[in-house]
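Please look over the sequence and the structure below. A short briefing by topic follows.

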Amino acid sequence: MTTVADAVKSVTTHRPLVLRRPKGTTGVWSWFTTVDHKKIGIMYGTAALVFFVVAGIEALLIRVQLFQANGTVLTAAQYNELFTMHGTTMVFLVGMPMAVGIANYFVPLMIGARDVAFPRLNAFGFWVIVAGATFLYSSFLPFVNGVPNGGWFGYTPLTSTPITSGFLPGRGPDFWTVGLIMLGIGSTTSAINFVVTILNLRAPGMTLMRMPVFVWMMLVVAFLTLFAMPIITVALIMVYTDRNFGATFFQPNFGGDPLLYQHLFWLFGHPEVYILILPGMGIVSETLPVFSRKPLFGFAVVVFSGIAIGFLGWGVWAHHMFATGLGPVAISAFGLSTMLIAIPTGVKIFNWLGTVWKGSVHLTTSMLFSLGFIAMFTIGGLSGVLHSIVPADTQQTDTYFVVAHFHYVLFGGLMLAVFGGLYYWLPKVFGRMLNERLGKWNFWTMLIGFNLTFFPMHMLGLWGMPRRTYRYDSGLGWEGVNQLVTVGAFIIAFSTLLFLVNVIVSLGLKRGAVAGNDPWDGRTLEWSTTSPPPEYNFAEVPEVESRDDWWHRKYTEDDEGRLVPLPSGGAYAAASASHDGHGIHMPSPSIYPLVAAAGLLPLGYAAVFMSWIPLFIGVLVLGFGVYAWGIEPATDEAS
Amino acid sequence: MAALAALTLALAACSTESGPENGQNPLRPKGTYAKDIDNLFTPIFWVAVAVGVFILGATIFVAVRFRHRKGADDRPKQLHGNTPLEIGWTLIPALILAVIAVPTVALIFDLAEEPANPLEVTVVGKQWWWQFDYGKQAGIDRKIVTADELHIPTGRDVKLKLEACDDSLGTTGTRPNCNVIHSFWVPELTGKRDVVPGLHNTMKLRTDRPGTYLGQCAEYCGLSHANMRFRVIAQSPDEFQQWVDGQVEGPAVPLSDAGEATGLFTKKFQCTNCHTTEDSSISVYGPNLTHLASRTTFASGYYELTRANLVRWILNAPSMIPMESENCRLPERPMCVGMPSFTEDTPPGYPVMTRAEAEALADYLLELK
């Protein structure tokens, strides 16, 4: 046996690599080589915030154009590019990375793990998202002539017909398809990581039914991502080959079927909606109990509702296609399955209200955002039920009513929950509290701005205003309401600015109060360690004895169910804090995930410009990155 | 709070009939089927509003009522759940939905039923305008091809065959004779139906009220999707028959007798590449202009048909409706969509149109009643 061990050791200490192994865990360079789930989480979150601002600016330009009837601020071509990029950015570069970022940071902490299962793959996933985002936005460069302009949904044959047809000029759909395929690679790797981490790295005693709801929802999201991404990747490859190699998957002249694309896109697209909203549901399932000082009402029901939504989400895709002519039997079936989704969703809403009921409600900024989530998401859910009334949907689809609906779900739902989550968790990440006064301004301006922007859109849609139109004629009676909407959009922008100021001043400039380990009297394991947590998260891996384990180490209940603080409350935090981390082996930093991801960028340009040189460069860089990564040990023995 | 205020605003706004009388408002239905849809939507909408107000109210109530006050007891009773309650709020929404589902499915099947003895019109979606083909049928002696304005008789079902492929065009080079997906929508008459190349969708319209109803393409179809509008003009059966009789006639002014315009139209600016003014029964690339002057609008129904608008259009159409038409007149780059400008970015060696020439063309076209 010693011979085997020696052999392993000789392999792992032998370093035939071209690049020296990075060692530092501090400084600018360490961010490029880190495999620490926390640093990667921060980078995901930062990237998502940057693109939130970018997509917000795109939205503001759209709103300025629509402020007046027959607006002339933007050309038709620019408008079409902006709404395409706004949607694509919000879904793929804000919603998903934001949820993945929060989960990257907190899932290991909440399950008592020291890192994710595949730390380098985790870094790779992030750098692929950066590469994909860079690629997509490089289409704005003046000589490229290729800002995506086919909508975030990219319907065929508009997008798939070869460029020479003149249906949709420019290289937009090429940048869009290739960019989304790249982003899909990133999402898939992070999904694999979450599934394995959550299933395998839970601390001893943390059974599935003791697992925090946020972690549960991320598990469901990871599975949805894993199964949804291949579907859109197939569809995108088909569009790409139709455009560039004369394939005719979607060309009716040659026996292809344009509707096939819609089936594929929405078979991805609808689960994608739940990929976006379930993390939000997970976040408020954490914050509501903490700020009500009560356990989540009906934990099992909330978890199973989330799983049910995950399953049902696969059976409703054609409700995006009620006007396409699928026939009465098919649309009846999809109308009914759409109604079914309202049931587990409604259960969750009632259980959240039950959680707050008779609690001791602390109206912190985080709690206000969480309550705002319940209210706004409910409105989005109810307008969703109206869409299942198929005949009515044939009036509402592709109007501003739908725009209002999904912004209530994704902004009123996901983004409000995200803000709630950030106010709740950023003190753990940076060790400082965000300013509560500024936070409340942030909340109220956001709530007002949001409703002023999106509520009137319901009316515009019901009054016949179609979406994706760069101008509307005067005399249709939509102008006044559109002006209200534009004003609302600027209030959202102002509110976002307040948030950024709060983050920069309180966290960046460290003006915020010191957070301490457990500022909210939290329930889950992340609050048992220091703020920010050490690289290894926990000096001693916690032994979990119950759901909300950290809470139950601080409190017990008397016969009437009232809280009784335990004298020994929070004992293992002290042990953690005093530990210097010596002897805990963490994975070593690595440059190769970044190298491998960087290789995708020239490959993307090769695909769009049909050029050999970037193809060779891309294959070389990617090949080198993957090969060197493959022979590099996870943990450098010499360190 | 803001949401609640906005909701009250909506309550005030959304009685059965609300919003602007703009000819395009589904909440002011004028067609038989739009009314059916509205009658289904309205009660369910109010149920949704009631549920929404209840949950919004509950959210505000729990936040305010159970707010922690300084110095008060911060140790609430720990409730972990309540199974009967949870079963209750699973079943009640399920029951509400079951009640909603019945009329919904019933109307889906009603709307899918074939109309009896309808007028049949083929609707062809193009980038970015609509062509309407009336086939030979009772009362219509030969095929009529027109654009932008769909005439229908009142009191009779109209069956629309929705096509994105125009077989009569054939294929030129790599340009397919099939267009992209459009969606045919006349909000006050009925819900929308997509026009999908390769699929032969149909839909039905019916109204008892003469009038003009606005329509709009409702599926994003490229650059000028926003401008792809049209009108439905509903007339009494007699007036409709008069319109049909006018359309089947030959042109009011034969092209050969159009004076200066003859040469401009056929040779100098080659309008005949895409248009015809001589035969209202054929489909060509651009709108059939044989009876242009019988229409009230032109250019995807976006502009009123006036001499000033028409002159402007003939000189520089892409300045009024953005189109992908820069290369239209170049023989080596035939791929373009829409009408080119004859005054801006004209290809080298090609004639530039003068205002007088445009006026001559407009005057000729306006005679084509």
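Which residue of E7(B) stands opposite B:Ser183? The partner of B:Ser183 is B:Asp194 in E7(B). This is a predicted model, in which local features need pLDDT of at least 70 and side-chain atom pairs count only at pLDDT 80 or more, while totals for chains, interfaces and linings use all residues. Residues are numbered from 1 along each chain as its sequence is written, and chains are lettered from A and ligands numbered from 1 in the order in which they are written.

**The hairpin in chain B**
- Helices (H or I, at least four residues) and strands (E, at least two) are DSSP runs, numbered from the N terminus.
- Strand E6 (residues 182-186) of chain B and E7(B) run antiparallel, joined by 4 bridges; two strands pair if DSSP finds at least two bridges between them.
- Between E6(B) and E7(B) lie 3 residues, and the two strands form a hairpin.
- In E7(B), 6 of 6 residues are buried (20 or more other C-beta atoms within 10 Å of a residue's own; exposed is 12 or fewer, partly exposed in between; C-beta atoms are placed from the backbone).

**The contact between the chains**
- 87 residues of chain B are in contact with 91 residues of chain A (C-beta atoms, placed from the backbone, within 7 Å).
- Elements that give two or more residues to this side of chain B are helix H1 (2-13), helix H2 (32-65), helix H3 (83-112) and strand E7 (190-195).
- H3(B) gives the largest share, 15 residues.

**An open sheet in chain B**
- The sheet has 3 strands in the order E4-E10-E9, with mixed pairing.
- Strand E4 (149-153) and strand E9 (211-216) each have a single partner strand, so one side of each is left without a neighbour in the sheet.
- E4(B) and strand E10 (residues 229-235) run parallel and are joined by 5 bridges.
- B:Leu150 is placed opposite B:Val232 in E10(B).

**Core and a helix in chain A**
- The largest nonpolar core has 295 residues; such a core is a set of buried Ala, Val, Leu, Ile, Met, Phe, Trp, Tyr and Cys residues joined through C-beta atoms within 7 Å.
- A:Val215, A:Met218 and B:Leu361 have the most contacts inside this core.
- Leaving aside neighbours within four places in sequence, A:Val215 is in contact with A:Val107, A:Met110, A:Ile111 and A:Ile198.
- Helix H13 (residues 400-430) of chain A has 29 of its 31 residues buried, so the helix is largely enclosed by the rest of the structure.

Technical notes:
Two residues are in contact if their C-beta atoms, placed from the backbone, lie within 7 Å.
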